[in-house]
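Thanks for coming. I will go through some helix packing and then the ligand site. Here is the structure.

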Amino acid sequence: MTTPALLPLSGRRLPPLNLGASAFPHHRATLRLSEKFILLLILSAFITLCFGAFFFLPDSSKHKRFDLGLEDVLIPHVDTSKGGKNLGGFLIHGQGHDEHRHREEEERLRNKIRADHEKALEEAKEKLKKSRDEIQAEIQTEKNKVVQELKKKDSKPLPPVPLPNLIGINSGEPADPDIREKRNKIKEMMKHAWDNYRQYGWGHNELKPIARKGHSTNIFGNSQMGATIVDALDTLYIMGLHDEFREGQEWIDKNLDFSVNSEVSVFEVNIRFIGGLLAAYYLSGQEVFKIKAVQLAGKLLPAFNTPTGIPWAMVNLKSGVGRNWGWASAGSSILAEFGTLHMEFVHLSYLTGDPVYYNKVMHIRKLLQKMDRPNGLYPNYLNPRTGRWGQHHTSVGGLGDSFYEYLLKAWLMSDKMDTEARKMYDDAIEAIEKHLIRKSNGGLTFIGEWKNGHLERKMGHLTCFAGGMFALGADGSRDDKAGHYLQLGAEIAHTCHESYDRTTLKLGPEAFKFDGGVEAVAVRQNEKYYILRPEVIETYWYMWRFTHDPKYRQWGWEATQAIDKYCRVSGGFSGVKDVYSSSPTYDDVQQSFFLAETLKYLYLLFSSDDLLPLDNWVFNTEAHPLKNKKQHHCTSSIRI
Ligand code: DMJ
């Protein structure tokens with residue numbers, strides 16, 4: 001055994017001292033004794049040193065005076081009127097008396113520190129005496145306490161962000177009596193849809209208007225979350241249906257509960273529920289909507305717990321366990337789902353002052369920015385475990401659509417400050433125009449789907465929203481191509497109108513082809529349905545706002561009449577299975593987006609432009625209007 005070199009206090013290094021048995025084998029016993037003696041000596045010297053050091057340590061009490069409750073002893077003071085001296089802001093009383101007091105104080109402090117240490121030791125000993133079960137029970141009690149505290153915090157009202165008088169919340173009454181009449185008809189349709197849901201489906205997610213009972217799909221999980229109520233609220237408000245709005249508010253206040261064991265779609269719940277609640281809050285100023293939106297958002301946050309931070313498509317609201325759709329390429333998350341959270345999440349951070357929501361969506365954006373894009377296109381699938389793209393499919397319709405929409409709207413809602421989002425939008429649209437947008441032989445502009453390097457000449461009803469998006473993004477476009485994008489919007493609107501006009505019912509099919517002599521017509525039987533979707537009417541409305549070309553109102557009116565004629569039943573409105581058949585069968589579903597979007601866009605199309613002007617409001621992808629930064633109130637630390 002070799003001891004390390006010893007360093008004497010003088011600093012001179014002594015030669016290494018080998019005290020091992022092998023060094024002096026004949027003196028083995030004697031050396032063991034002296035070895036023990038030397039070790040003992042070192043140990044006692046060390047203890048003496050430590051004990052001494054305790055008294056020479058700087059007086060920490062001076063630094064911790066507030067923790068130790070000594071504020072009244074050494075508080076800064078400037079009053080010298082009572083015979084004391086003011087030294088550096090601390091009041092010192094008569095010198096001798098003060099020294100004595102100071103020593104007493106030091107003694108008191110030392111005793112306190114000793115007592116505290118002893119107490120801590122005792123507590124530790126006590127803990128060690130306890131059984132494993134007892135310790136576990138204690139931990140559980142502590143955990144329960146924290147959960148209770150969090151629950152209390154959950155139901156506490158949020159600090160209000162005062163709403164200024166927001167611009168454009170008015171009746172929007174059109175001057176022209178003919179337009180007024182048409183608008184009243186649309187309002188009547190809304191009342192018909194609402195009243196029947198109220199009567200037959202109240203509290204359920206949606207309505208079966210033929211069977212006259214509640215309906216739901218897997219996007220809302222297995223619980224009754226009143227999706228139609230939340231989705232319809234702002235339309236009711238805008239149309240001046242205030243009694244109905246109040247009924248909805250009351251239901252939400254009393255019944256809307258998110259602590260349910262239900263697996264929901266993160267995207268759908270965000271755009272319909274959080275978007276709907278936020279819009280209802282901005283329009284009415286009722287705090288309950290904001291509180292519910294924030295509670296719900298808290299339940300969606302666990303979906304972001306993936307290796308990459310790209311959220312799962314679905315999350316269980318109770319357990320927080322997330323997963324992806326079984327059909328999505330190699331366990332991928334979907335671009336249009338994780339890319340359509342930005343608007344709502346930024347508003348949530350703005351309203352609560354809590355950056356957690358903002359950080360989640362900005363993380364997604366940063367990650368996407370870093371990734372290579374085949375041909376500059378964003379594939380629809382991204383694996384949240386590996387951070388790699390799935391199949392190289394790109395679409396401006398289903399699976400891709402609202403991702404592009406939210407890039408543009410992030411820029412708009414920031415009052416055009418978020419130039420990073422605008423750049424991403426411009427880059428994406430340039431690539432889409434290059435690879436996906438074509439003119440048919442008959443001269444119809446269409447947006448196809450990109451599948452592994454091949455263009456499928458098919459356009460979905462969902463894709464028709466892009467006409468409105470191009471028009472909305474025209475102003476501020478790169479190289480001042482505003483005219484070009486407005487024209488592109490008009491061409492898409494025209495193509496989508498053709499897809500309606502070429503059917504028997506004058507309602508658009510789910511998907512239509514531009515192939516083999518077929519133009520804007522559905523070929524496959526399972527693409528011939530119309531489920532009360534809004535996208536074509538959405539584009540008419542944006543085009544109307546930007547051009548005031550009367551054809552958009554005319555096309556909107558054609559669609560209104562067709563819906564009223566072919567989709568209206570006594571128990572509400574239903575989708576139809578074949579728009580090319582003169583005797584269509586119903587799908588028996590009144591979708592919540594019919595009340596949130598289709599009827600709202602129609603109503604706005606026949607209202608004056610001062611109702612929710614596009615300079616001040618940005619509509620989320622479910623047509624829920626959210627105020628933009630122009631109407632921003634400065635009390636929140638988070639900027640939109
Ligand atoms: C709506 O829920 C939203 O518009 C979404 O972005 C896509 N589809 C439906 C309506 O068709």
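Let me start with one pair of helices: H8 passes H10 in a left-handed crossing. Left-handed here means that the near helix is turned anticlockwise from the far one by less than a right angle, and right-handed that it is turned clockwise. Before going on, a note on the model: it is predicted, so local features need pLDDT of at least 70, side-chain atom pairs count only at pLDDT 80 or more, and totals for chains, interfaces and linings use all residues. Residues are numbered from 1 along each chain as its sequence is written, and side-chain values use heavy atoms, with hydrogens and water left out.

Helices (H or I, at least four residues) are DSSP runs, numbered from the N terminus. Two packed helices are described by the angle between their axes and the distance between the axes. Axes are lines fitted to C-alpha atoms, for helices over the stretch in contact, and angles run from 0 to 180 degrees between N-to-C directions.

Back to the pair. H8 covers residues 287-300 and H10 residues 342-352; their axes come within 11 Å and cross at roughly 120°. H8 and H10 are therefore oblique to each other. Angles under 35 degrees count as roughly parallel, over 145 as roughly antiparallel, 65 to 115 as roughly perpendicular and the rest as oblique.

Next is H15, residues 482-501, with H17, residues 551-566: the axes come within 12 Å and cross at roughly 30°. That crossing is left-handed, and H15 and H17 are therefore roughly parallel.

Now the ligand. Which helices each supply at least two residues of the shell around the ligand? They are H7 (266-284) and H18 (592-605). Among the residues around the ligand (a heavy atom within 4 Å) are Ile 271, Arg 272 and Phe 593. By class, the shell has four nonpolar, one polar and five charged residues.

Three polar side-chain atoms lie by ligand oxygen atoms: that of Glu 535 at 2.6 Å, that of Thr 621 at 2.8 Å and that of Glu 597 at 3.0 Å. Taken alone, the ligand exposes 290 Å², and the protein buries 91% of that; accessible areas come from the Shrake-Rupley method with a 1.4 Å probe.

Terms used:
Polar contact = N/O pair within 3.5 Å; in protein donor to acceptor, adjacent residues only side chain to side chain. Nonpolar A, V, L, I, M, F, W, Y, C, P; charged D, E, K, R; others polar.
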